[in-house]
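Please find below a short note on this structure, set out as numbered points. The notes begin with one residue and then widen to the fold around it.

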Amino acid sequence: MDKKRVLIVDDDEKFQALIRAFLETDNGYDLLILSGAKDILSHVHSFKPDVILLDLLMPNIGGIEICEMLNGDPLGKSIPIIVISALGNDTDRLYAYKQGVVDFLTKPSSRDEMIKAIQKALSYKENK
């Protein structure tokens, strides 16, 4: 079985390390971690992720703008997105779902919550 590729876009280095431990070490996912949206579309096209885990609040370009960029790209719009944010307010959550995200997690999330969300996103992609 091929490793599933997960693209993580989050500017928090501690959270990046936590996600790496949760997903790569324990569960064998192939990860690409970006600290921001710079060249996101070229990374999507070269890495070809199965799922994108996206922080909502980042400097320069935020998660919603990244969703909009991905939705405007033929490959990008086919990849399920999970938003993860320190703020879980209803307005952000609603707008993220309107952008087509398949799940919305609030930081800090447990390893089990992340794995479950990724499995849901992979199932969504297979059934799409």
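1. Lys107 lies in the loop that links strand 5 to helix 5 (111-127). This is a predicted model, and the remarks that follow should be read with that in mind. With a relative accessible area of 19%, Lys107 counts as buried, because the class takes in values under 20%.

2. The surroundings of Lys107 merit attention. Its side chain makes a polar contact of 2.8 Å with the side chain of Asp10. Leaving aside residues up to four places away in sequence, Lys107 touches Asp10, Asp12, Phe15, Asp55, Ile84, Ser85 and Ala86. Two of these, Ile84 and Ser85, belong to strand 4, from which they point in opposite directions.

3. Strand 4 itself is mostly covered, with 5 of its 5 residues buried. Ile81, Val83 and Ser85 point to one side of the strand, while Ile82 and Ile84 point to the other. Residues on either side are thus buried alike, since all of them fall in that class.

4. How does strand 4 sit among its neighbours, and over how many bridges does it pair with strand 5? Strand 4 (residues 81-85) pairs with strand 5 in the parallel sense over 4 bridges, and Asp103 in strand 5 is the bridge partner of Ile82. The pairing of strand 3 with strand 4 is likewise parallel and comprises 4 bridges; here Ile52 stands opposite Ile81.

5. The sheet as a whole is open and consists of 5 strands in the order 2-1-3-4-5, with parallel pairing. Its edges are strand 2 (30-34) and strand 5 (103-106), each of which pairs on one side only. From one strand to the next, the twist averages 20°.

6. Two of the helices can be placed against this sheet. Helix 3 (residues 63-71) packs on it and touches strand 1 (5-9), strand 3 (51-55) and strand 4, its direction making about 150° with that of strand 3. Helix 4 (residues 90-98) lies across strand 4 and strand 5, and runs at about 150° to strand 5.

7. Helix 5 contains Ala121, a residue that is buried with a relative accessible area of 0%. Beyond residues up to four places away in sequence, Ala121 touches Val51, Pro80, Ile82 and Val102. Along the chain, Ala121 and Pro80 are 41 residues apart, yet their C-alpha atoms are separated by 5.7 Å.

8. In total, the protein chain has 5 helices and 5 strands. From the N terminus on, these elements run β-α-β-α-β-α-β-α-β-α. Of the contacts between residues at least 6 apart in sequence, 65% join residues at least 24 apart.

9. The overall dimensions may be stated briefly. For 128 residues, a compact globule would be expected to have a radius of gyration near 14 Å, and the 13 Å of the protein chain agrees with this. The C-alpha atoms fill a box of roughly 35 × 30 × 25 Å along the principal axes.

10. As regards burial and surface, buried residues account for 45% of the 128 residues in the protein chain. The exposed area is about 6800 Å², of which carbon and sulfur atoms supply 51%.

Note on methods: Residues numbered from 1 in each chain as written. Predicted model: local features only at pLDDT ≥ 70, side-chain atom pairs only at ≥ 80, totals over all residues. Heavy atoms only, no water. Pairing = 2+ DSSP bridges. Axes fitted to C-alpha atoms, helices over the stretch in contact; angles between N-to-C directions. Contact = heavy atoms within 4.5 Å. Rg over C-alpha atoms; globule rule 2.2 N^0.38 Å. Buried < 20%, exposed > 50% of the residue type's maximum accessible area, 1.4 Å probe, protein only. Areas by Shrake-Rupley, 256 points an atom, 1.4 Å probe, with all protein chains shown as cover. Polar contact = N/O pair within 3.5 Å; in protein donor to acceptor, adjacent residues only side chain to side chain.
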